[in-house]
Amino acid sequence: MKIDYSAKLKKISNAVESLRSELVEYIKKLVQTPSLPGQEQAVQKIVAEKLVSLGLKTTTLHSKKKQLQQHPAFSDDGIPFDERLNVIGRWPGHSPDAPFHSLILNGHVDVVSPGNADFWQDSPWSGNIENGRLYGRGACDMKAGLAAAIYAVDALQRLGLQPARDVVLESVIGEESGGIGTLTTLVNGYTADAAIIMEPTALALCPVQSGALTFRLKIRGKAAHAALKKSGVSAIEKLLPIMQALEALEKKRHAAYSNELFDDPQCIAPISIGTVHGGDWHSSVLETLALEGRMGVFPGESTAQAQHAFEQAIRQAAAGDAWLAEHPPLVEWFEGQFESGQTAIDSPIIKTLTASHTQVCGQRPKVQGVTYGSDLRLFTNHARRPAVLYGPGNVRQAHAVDEFIELEQVFAATKTLALTIARWCGC
C-alpha cells in the first residue's frame, strides 16, 4: 500500500504549529536549568517527566565507571560518577514484524561552561527570546535539538498515530567530555536499526565526523637566573621547533587526504593548542612548559594511527635539536579520545531523512562532514548501526558567548523528525 506522505506532512505540520508555544517554553525551561558536567540531574528530571507524560516506557540509567572502564570506547573525563543519569523513553512499536525499522533519537543535555558571565548580554541561563532567537548556554548545543525530537513524538501522538516499530528517545550526559552517556546506553543493550543525533547542523545531514584526541605535551628546559640567561635553557624557546613540526604535520596530513563532504579541505582534522602553562617567577629562565591541545583524526583513520603520527613528528623535531634530543618532550593522551565515524551516504536512513527534510523545507538538505567529535562514532563503530547528525542551530554558536538557537529551525526540525519517524518506523 502506497502511503501519501504529503497528506501526512500537512497533518504533522498542523500538529507542530499547535505546539509552538509549548515547545518554546520547554526549550526555555531546559536552558534555564544549568547542566554542567556532573550536574545534569535537575534537567534530566525535567526530561523524564515529559517522557512519562507522553506515556513512554521511561528508564533512568546510571553511568557507572566500573561497567564502562573496560570498554574500548571509554574515555575517563575525570568527573565523579555520582548520579550521572541518562533518561531513556521507549515508544513501543505495535507490529515488530512490519516492514519498517526502529529508530533512536539521541541528544545530550550536558553543556560546557559559559565562561565569564560578564561577557554575556544577559545571564547565560536566561532563556531570553529576541527576534526569533532563544538565548542561553545549551540552547544550540543541543537542548533545542533534543526538544525537537521529544515534540516530534508529541505531535505524532496528538494525531493518534502509533509506530509499527520502536522509537527510542535518549537524553544522555557526558557527550562533551567523551560520550559516557551514549556508551552507557549501548553497554546496557539499547539499540535500533538507525540513530539520528540532533546536534546543531543547521539542518544539514552529517553522516561523517572527524575524530579528536586530547593531548598534553611537556617540554623541559633548564632554570637559571634571568640575568644569566645564557646559562639556562628556556622551555619556551624549545617550543618553537615543536610548533613548527606540528604545523608541518597538519599540512602534510591534509595534503594526503581528500573528502568532498568537507567544505574546507585544509581543516578536516586540525591540530591546535588550547592551553599553555609554565613558569613560577618572572625573573627566571622558564624550566618547564605544559601544553594541552587537540589532535584531529581523519574519517577512516584509527586513533592509534593519529597518535603515532603525532608522536613521530614530536620525536623527529626533538632529534633535530641538541637539547631536546637529550631531553625529549613527553606526550600524554587524556580525557576525550573521540574516534572518527561514518555512515554511507546511500544508507536507507539517510535517504529517508533526506526525503522528509525535502518535503518539509522545500529543498534537498546539504550533506556534509563535520570536523568535530560526537557520539555518532559510538553507534557506527561499536553498535555497528548507521547514524547521522541532524538538528537545528549553527555549530558556530555552540560553546560561544551569547549562544542562541533560531526558533524557526527548531520547528522545521520537529516536523522533519516527525515525518521521518512516520516513514521509518511506520506511523
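**Exercise 1.** Identify the residues that line the second largest pocket of this predicted model, and state which helix contributes the largest share.

*Solution.* The lining of the second largest pocket consists of Ala 245, Ala 248, Leu 249, Lys 252, Arg 253, Ala 256, Ala 309, Gln 312, Ala 313 and Gln 316. Next, assign these residues to elements: helix H7 (235–255) and helix H8 (303–319) each give at least two of them. H7 provides the largest share, five residues. By class, six lining residues are nonpolar, two polar and two charged. The space in this pocket amounts to about 200 Å³.

**Exercise 2.** Describe the largest pocket by its volume, its central residues and its contributing elements.

*Solution.* Begin with the volume, which is about 1,200 Å³. The lining comprises 38 residues, and Arg 294, Thr 371, Tyr 372, Gly 373 and Val 395 lie nearest the centre. Two or more lining residues come from each of strand S9 (211–220), strand S11 (288–297), strand S12 (330–338) and strand S14 (367–370). S12 supplies the largest share, four residues. Finally, the classes are 15 nonpolar, 13 polar and ten charged residues.

**Exercise 3.** Classify the ring pair of Phe 74 and Phe 81, and determine whether Phe 74 is buried or exposed.

*Solution.* The whole structure holds seven aromatic pairs. In the pair of Phe 74 and Phe 81, the centres are 6.5 Å apart and the planes meet at 45°. An angle that is neither under 30 degrees nor over 60 counts as tilted, so this pair is tilted. Phe 74 has a relative accessible area of 17%; because buried means under 20%, Phe 74 is buried.

**Exercise 4.** Which rings have the charged ends of Arg 216 and Arg 423 over them?

*Solution.* The charged end of Arg 216 sits over the ring of Phe 334, 3.9 Å from its centre. For Arg 423, the ring is that of Tyr 5, at 4.5 Å from the ring centre.

Technical notes: Residues numbered from 1 in each chain as written. Predicted model: local features only at pLDDT ≥ 70, side-chain atom pairs only at ≥ 80, totals over all residues. Heavy atoms only, no water. Phe/Tyr/Trp six-rings, centres within 6.5 Å; stacked < 30°, edge-to-face > 60°. Buried < 20%, exposed > 50% of the residue type's maximum accessible area, 1.4 Å probe, protein only. Lys NZ or Arg CZ within 6 Å of the ring centre and 35° of its normal. 1 Å grid on protein atoms, 1.4 Å probe; cavity = no way out; pocket = protein on both sides within 12 Å on 5 of 7 lines; lining within 4 Å. Points joined across faces, edges and corners; volume = space filled by probe spheres on them. Nonpolar A, V, L, I, M, F, W, Y, C, P; charged D, E, K, R; others polar.
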